[in-house]
Amino acid sequence: MNLAFDSSTITHSIQLSVAPVFLLTAVAGMIGAVAGRLARIIDRARVVENSARHSDDADFLQRARLELGYLRTRGRMANGCIGLLTLCGFLIGVTIILLFLGETTDFRGHTWALGSFLSGVLSFLLALVLFFVETVMATRILNFHMLRPPVPASAFSPAPATAPTPVNPQT
């Protein structure tokens with residue numbers, strides 16, 4: 001293994017291998033955001049489950065089971081998203097190592113670096129898809145009953161059997 005200790009080679013190697021670090025910053029931010037969402041999903045599931053344990057209302061229990069099912073699916077998606085983001089971070093780290101070794105030694109790992117970088121980007125994109133689906137699911141279960149306009153009382157009264165005859169002012 002031949003090491004290059006030329007300062008310009010080392011500088012260029014560091015510049016080349018540090019460029020993917022910006023993707024690592026995005027990955028770290030996404031992991032933080034998704035971990036926060038996962039914590040809120042878990043907290044909400046605990047509240048719903050606790051409320052369901054202390055309720056005898058069949059309608060509420062049915063809604064609680066439905067919501068717990070959604071929360072479990074959302075939690076699994078968040079876990080999958082974190083897993084893909086972790087894989088992305090690992091692959092980008094491998095890319096950095098391969099690029100640095102390729103520039104400073106006789107190691108010819110550029111093909112491996114390209115593969116690991118593209119795999120990392122693909123896992124990042126898949127994580128974004130899971131994140132999007134999870135956020136859509138989070139809004140699907142919402143029912144904004146208070147935002148609906150009140151139904152007037154006349155809407156509940158039966159319609160007259162015969163329609164009144166119109167008054168013609170010209171006759």
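**Close-up views of a predicted model**

V136 has a relative accessible area of 33% and is therefore classed as partly exposed. The legends below concern a predicted model.

**View 1. A nonpolar patch on the surface involves V136.** V136 belongs to helix α4, which covers residues 110-140. Together with V129, F132 and V133, V136 makes a nonpolar surface patch of about 330 Å². The value of 33% for V136 lies between the limits for buried (under 20%) and exposed (over 50%).

**View 2. S123 of helix α4 is set against residues including L84 and C88.** S123 has a relative accessibility of 4%, so S123 counts as buried. When neighbours within four places in sequence are left aside, the contacts of S123 are L84, L87 and C88. The S123 side chain also reaches the backbone nitrogen of C88, at 3.4 Å.

**View 3. Transmembrane regions are annotated in the UniProt record.** The unreviewed UniProt entry places the feature "transmembrane region" at residues 12-36, 81-101 and 113-133. In the model, residues 81-101 are 100% helix and 0% strand, with 30 Å between the end C-alpha atoms. Residues 113-133 are likewise 100% helix and 0% strand, and the end C-alpha atoms of this span lie 30 Å apart.

**View 4. F22 is placed in helix α2.** Helix α2 comprises residues 21-53. F22 counts as exposed because its relative accessible area is 66%, above the 50% limit for that class. F22 and I92 are separated by 70 residues in sequence, while their C-alpha atoms are 9.9 Å apart in space.

**View 5. A salt bridge joins R44 and E67.** The two side chains meet with an N to O distance of 2.7 Å. R44 lies in helix α2 and E67 in helix α3 (residues 58-104), so the pair ties together parts that are 23 residues apart in sequence. The partners fall into separate accessibility classes: R44 is partly exposed at 38% relative accessibility, whereas E67 is buried at 17%. In general, side chains of opposite charge can pair when their charged atoms come close.

**View 6. E49 and R53 form a salt bridge within helix α2.** The closest N and O atoms of E49 and R53 are 3.7 Å apart. Both residues lie in helix α2, four residues apart, or about one turn of the helix. E49 is partly exposed, with a relative accessible area of 37%, and R53 is exposed, at 61% relative accessibility.

**View 7. E134 and R74 form a salt bridge between helices α4 and α3.** The closest N and O atoms of this pair are 2.6 Å apart. The pair links distant parts of the chain, with E134 in helix α4 and R74 in helix α3, 60 residues apart. E134 counts as buried because its relative accessibility is 2%; R74 is also buried, with a relative accessible area of 12%. R37 joins R74 and E134 in a network of salt bridges. The total count of salt bridges comes to five.

Definitions and conventions:
Residues are numbered from 1 along each chain as its sequence is written. This is a predicted model: local features need pLDDT of at least 70, side-chain atom pairs count only at pLDDT 80 or more; totals for chains, interfaces and linings use all residues. Side-chain values use heavy atoms; hydrogens and water are left out. Helices (H or I, at least four residues) and strands (E, at least two) are DSSP runs, numbered from the N terminus. Buried means under 20% relative accessible area, exposed over 50%, partly exposed in between (1.4 Å probe, protein chains only). UniProt positions are given in the numbering used here, feature names are shortened, and annotations may be inferred rather than shown by experiment. Patches are made of residues with over 30% relative accessible area and no salt bridge: like charges are joined within 9 Å, nonpolar side chains (Val, Leu, Ile, Met, Phe, Trp, Tyr) within 5 Å. Accessible areas come from the Shrake-Rupley method with a 1.4 Å probe; for residues, only the protein chains shown count as cover. A salt bridge is a side-chain nitrogen of Lys or Arg within 4 Å of a carboxyl oxygen of Asp or Glu. A polar contact is a pair of N or O atoms within 3.5 Å; within protein, one must be able to donate a hydrogen and the other to accept it, and residues adjacent in sequence count only if both atoms are side-chain atoms. Contact means heavy atoms within 4.5 Å.
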